[in-house]
Amino acid sequence: MSLLNWLTYGQEYMVEVEVRAAHNVVEACARTETIDKVVFTSSATAVLWRDNNSQSLASDLDERHWSDVNFCRKFKLWHALSKTVAEKTAWALAMDRDINMVSINGGLLMEPHLSITHPYLKGAAEMYECGTFVTVDLQFLVDAHICVFEDVSSYGRYLCFNHAITNHEDAIHLARLLTPYSPSPPPSYEEANLIIQQRLSNKKLNKVMVDFESELLLED
């Protein structure tokens with residue numbers, strides 16, 4: 001087996017591991033009578049990768065969309081593939097076992113030790129060009145989980161992010177965080193003034209969080 005084939009096999013094996021883990025967690029929840037709701041943590045990469053993923057896309061992508069598993073496999077987008085298949089497995093089992101489940105599909109988590117090797121970043125340039133490169137702060141992600149768990153009306157999937165990379169300044173800032181010792185070339189005039197239209201929508205989560213926070217204020 002060549003090195004390339006061995007690496008591909010290893011990545012595909014990790015997809016299988018994540019799918020089995022998702023199945024086992026949801027199955028364990030189904031067998032636990034005291035669990036009223038399951039919040040499944042997934043990724044925005046389970047939403048955004050599709051054949052027609054281009055700047056000419058007519059409408060926003062939201063929770064109703066799923067990444068194309070064949071597209072992910074073709075372009076070796078292993079993180080997106082594993083998140084998509086694992087989440088679909090979790091949803092299938094949740095529906096079969098009548099589990100009250102919601103999912104949080106988070107953007108790139110801006111953690112202190114984030115590096116260029118993070119698997120979410122495979123295809124980062126394409127996400128940026130298509131207006132689907134989004135990030136989320138840890139506190140916002142935590143708040144989103146609490147919100148959809150506590151809100152009895154929450155349902156389905158929720159795209160979770162609080163920043164979209166849509167201009168050169170944002171892209172350079174992120175690049176410096178990921179590769180702090182690499183020089184950044186000066187942008188051209190066109191690059192410096194380019195504003196990319198955001199194509200990923202988190203309106204569903206934002207509405208739930210605003211309503212939830214309003215209820216908390218009323219209780220206080």
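This note goes through the predicted model point by point, from the chain as a whole to its sheets, helices and cores.

1. Overall make-up. The protein chain holds 9 helices and 6 strands, and of its 220 residues 43% count as buried. Among contacts between residues at least 6 apart in sequence, 76% join residues at least 24 apart. The accessible surface of the chain comes to about 12,900 Å², and 56% of that surface belongs to carbon and sulfur atoms.

2. The parallel sheet. Three of the strands form an open sheet in the order E1-E2-E5, with parallel pairing, and its edge strands are E1 and E5, each of which pairs on one side only. Neighbouring strands of this sheet are turned against each other by 25 degrees on average, when direction is ignored.

3. Register within that sheet. Strand E1, residues 38-43, pairs with E2 over 6 bridges; here valine 39 has valine 102 as its bridge partner, and serine 42 is matched with asparagine 105. On the E5 side, where E5 covers residues 156-160, the pairing with E2 runs over 5 bridges, and the bridge partner of serine 103 is arginine 157.

4. Burial of E2. How many of the residues of strand E2 (residues 101-106) are buried? The count is 6 of 6, so that the strand is mostly covered under the cut-off for burial, which is under 20% relative accessible area. Both faces take part: Met101, Ser103 and Asn105 are buried on one side, while Val102, Ile104 and Gly106 are buried on the other.

5. A helix across the sheet. Helix H6, residues 138-150, lies across E1, E2 and E5, and it runs at about 165 degrees to E2.

6. The second sheet. Another 3 strands form an open sheet in the order E3-E4-E6, and in this case the pairing is mixed. Its edge strands are E3 (108-109) and E6 (163-164), each pairing on one side only. E3 and E4 (residues 134-136) run parallel and are joined by 2 bridges, with leucine 108 having threonine 135 as its bridge partner in E4.

7. The largest nonpolar core. This core has 42 residues, and those with the most contacts inside it are Val26, Leu48, Trp49, Met101, Tyr120, Phe133 and Leu200. At least two residues each are supplied by several elements, among them helix H1 (3-30), strand E1, helix H3 (69-74) and helix H7 (168-178). Helix H4 gives the most to this core, with 8 residues.

8. Valine 26 and the separate core. Leaving aside residues up to four places away in sequence, which residues does valine 26 touch? They are Phe40, Ala90, Leu93, Ala94, Ile99 and Met101; of these, Met101 also appears among the residues with the most contacts inside the largest core. Apart from the largest core lies another one, of 14 residues, including Phe140, Leu205, Val208 and Phe212.

9. Helix H7. Within this helix, His168, Asp170, Ile172, Leu174 and Leu178 are buried. In an α-helix, residues three or four places apart point the same way, because there are 3.6 residues a turn. At the start of H7, a side-chain oxygen of asparagine 167 reaches to within 3.1 Å of the backbone nitrogen of glutamate 169.

Note on methods
Residues numbered from 1 in each chain as written. Predicted model: local features only at pLDDT ≥ 70, side-chain atom pairs only at ≥ 80, totals over all residues. Heavy atoms only, no water. Buried < 20%, exposed > 50% of the residue type's maximum accessible area, 1.4 Å probe, protein only. Helix = DSSP H or I, 4+ residues; strand = E, 2+ residues; numbered from the N terminus. Pairing = 2+ DSSP bridges. Core = buried A, V, L, I, M, F, W, Y, C linked by side-chain atoms within 4.5 Å. Contact = heavy atoms within 4.5 Å. Polar contact = N/O pair within 3.5 Å; in protein donor to acceptor, adjacent residues only side chain to side chain. Axes fitted to C-alpha atoms, helices over the stretch in contact; angles between N-to-C directions. Areas by Shrake-Rupley, 256 points an atom, 1.4 Å probe, with all protein chains shown as cover.
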